[in-house]
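Q: Could we go through this structure together? Please begin with the overall picture.

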Amino acid sequence: MNLDVLFGKTREHLTCLEGTEHLLHRDMLQDFLRLREDARKAGFELSIASAFRGYERQEIIWNAKATGQRQLLDEKAVPLVFELMSPIEIAFAILRWSAVPGGSRHHWGTDVDVFDRRTQGQEDVKLVPSEVTAGGPAAPLHDWLDERIKASKAYGFFRPYETDRGGVAPERWHLSYAPLSQSFLEAYTFAAFWKNISDSELVLKNVLLQSAEEIYQRFMLNVDHP
Ligand SMILES: [Zn+2]
């Protein structure tokens, strides 16, 4: 597989979702539209908050957090004091909530963050747990999605960040298209992960290289499977 696809450095595999600016893997589009149509019949407006994100976008997020320009949060989403943290602590605090550039599933075009436009405007969506758990505006949509996933009627979509496995924090809003993303993950070897970091100019690059094995295991491989 072309590493540029895995690292978010090309858009050649993507297509635009009509009426939006969101880019999706072109081989996923039809099944996403099927799921959206089923959701519509069930009374929901399944909408995308974020689909493909390129390397540059992820790099901006990473470097802003790694230099203290953007707030870091602990496990419970409580703000951390940047000045009191070691480089390794900073790196792991970022990884809990944001992928290392080149290592985000959003680079693949196979993963989307969704919400229910029937109950929430795009500009109000923050993608926080309170939106997707009991009483939240997207909770009924996600309960419906759970039923569909359980009944194998979600056209291959599943939740890679459903449970807290000690890596990426649970993200109920994040769906992944297994027919593509499972093979992307298989292609994403440790050698690929290492190359991505070592070829980069990222802030905290040396820390990432020192802990590369652990980061790869904990934040890339350690996800829920369909
Ligand atoms: Zn996501």
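A: With 226 residues, the protein chain would be expected near 17 Å in radius of gyration if it were a compact globule, and its value of 17 Å agrees. That radius is taken over C-alpha atoms, and the globule rule is 2.2 Å times the number of residues to the power 0.38. This is a predicted model: local features need pLDDT of at least 70, side-chain atom pairs count only at pLDDT 80 or more, and totals for chains, interfaces and linings use all residues. Residues are numbered from 1 along each chain as its sequence is written, and side-chain values use heavy atoms, with hydrogens and water left out.

Q: How many helices and strands are there in the protein chain?

A: The chain has 10 helices and six strands, taken as DSSP runs (helices H or I, at least four residues; strands E, at least two) and numbered from the N terminus.

Q: Changing topic, which residues are the protein donors of the zinc ion?

A: They are His-106 (NE2), Asp-113 (OD) and His-174 (ND1), at 2.0 to 2.2 Å from the zinc ion. Donors are N, O and S atoms within 2.8 Å of the metal (3.2 Å for Na, K and Ca); water is not among the atoms, so sites may look incomplete.

Q: And what spacing do the donors follow along the chain?

A: The spacing is H-x6-D-x60-H. His-106 lies in the loop between helix H4 (87-97) and S4, while His-174 is in strand S6 (residues 174-177), 68 residues apart.

Q: Is His-106 buried or exposed?

A: His-106 is buried, at 3% relative accessible area; buried means under 20%, exposed over 50%, partly exposed in between (1.4 Å probe, protein chains only). His-174 is likewise buried, at 1%.
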